[in-house]
Amino acid sequence: MVSEENPVCSAKGCRVDAVWVLAWNNPKLHAPERRKTWLACEEHREHLSQFLGVRGFLKDVVKLADWEEPPAV
Ligand SMILES: [Zn+2]
C-alpha cells in the first residue's frame with residue numbers, strides 16, 4: 001500500500017511529483033520475484049531507467065496510476 005498522497009521522484013534532490021514507477025531487482029540481493037521500486041518524474045524517468053538498465057536490474061516501467069503493488073513475498 002502506498003500511503004503517501006503525493007509520492008515524489010526518487011532522483012536525488014528532486015521534489016517533483018512522481019509519474020512513473022520503475023520496478024527493479026538486483027539478483028545478487030533479492031529473490032527473483034522480488035521487486036524494488038523507484039519513483040520518477042517525467043524528467044528523471046530516463047536517467048533512472050538507464051541507471052538500472054545498464055546494471056541489468058530494470059524489470060518494468062509503469063505509470064504510477066497503473067501501478068499495482070505486487071503481493072508481499
Ligand atoms: Zn525527478
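This is a short tutorial dialogue on reading a predicted model with a zinc site.

Trainee: Before we start, what are the ground rules for this predicted model?

Mentor: Local features need pLDDT of at least 70 and side-chain atom pairs count only at pLDDT 80 or more, while totals for chains, interfaces and linings use all residues. Residues are numbered from 1 along each chain as its sequence is written, and side-chain values use heavy atoms, with hydrogens and water left out.

Trainee: Okay. What pattern does the chain follow along the sequence?

Mentor: Helices (H or I, at least four residues) and strands (E, at least two) are DSSP runs, numbered from the N terminus. Here you get one helix and three strands, in the order β-β-α-β.

Trainee: Now the metal. Which protein atoms are the donors of the zinc ion?

Mentor: Donors are N, O and S atoms within 2.8 Å of the metal (3.2 Å for Na, K and Ca); water is not among the atoms, so sites may look incomplete. For this zinc ion they are SG of C9, C14 and C41 plus ND1 of H44, at 2.0 to 2.3 Å. Along the chain their spacing reads C-x4-C-x26-C-x2-H. C14 sits in the segment before β1 (20-24) and C41 in the loop between β2 (36-40) and α1 (42-54), so this pair ties together parts that are 27 residues apart in sequence.

Trainee: And what is the geometry of the zinc site?

Mentor: Ideal angles at a metal are 109.5 degrees for four tetrahedral donors. Four donors count as tetrahedral if all angles lie between 85 and 135 degrees. The angles among the four donor atoms run from 100 to 117° here, and the zinc site is tetrahedral.

Trainee: With those cysteines around, how many disulfides are there?

Mentor: A disulfide is a pair of cysteine sulfur atoms within 2.5 Å, and by that rule the count is zero.

Trainee: Are the zinc cysteines C9, C14 and C41 buried or exposed?

Mentor: Buried means under 20% relative accessible area, exposed over 50%, partly exposed in between (1.4 Å probe, protein chains only). C9 is buried at 4%, C14 is buried at 8% and C41 is buried at 3%. Across the chain, buried residues make up 32% of the 73 residues.

Trainee: Which residues form the largest nonpolar core?

Mentor: In soluble globular proteins, nonpolar side chains tend to be buried together. A nonpolar core is a set of buried Ala, Val, Leu, Ile, Met, Phe, Trp, Tyr and Cys residues joined through side-chain atoms within 4.5 Å. The largest one has 11 residues: C9, A11, C14, W20, L22, W24, A40, C41, L48, L52 and F57. The elements giving two or more residues to this core are β1 and α1, and β1 supplies the largest share, three residues. As for L48, its place is in helix α1, and L48 is buried at 7% relative accessible area.

Trainee: How many aromatic pairs does the structure hold?

Mentor: A pair of aromatic rings is described by the distance of the centres and the angle of the planes. Rings of Phe, Tyr and Trp (its six-membered ring) pair if their centres lie within 6.5 Å; planes under 30 degrees apart count as stacked, over 60 as edge-to-face and the rest as tilted. The structure holds three aromatic pairs. In one of them, W38 and F51 have ring centres 5.7 Å apart and planes at 35°, so this pair is tilted. W38 is in strand β2 and F51 in helix α1, 13 residues apart. Ring pairs join W24, W38, F51 and F57 into a cluster.

Definitions and conventions:
Four donors count as tetrahedral if all angles lie between 85 and 135 degrees; four count as square planar and six as octahedral if opposite donors are over 155 degrees apart and all others between 65 and 115; anything else is irregular.
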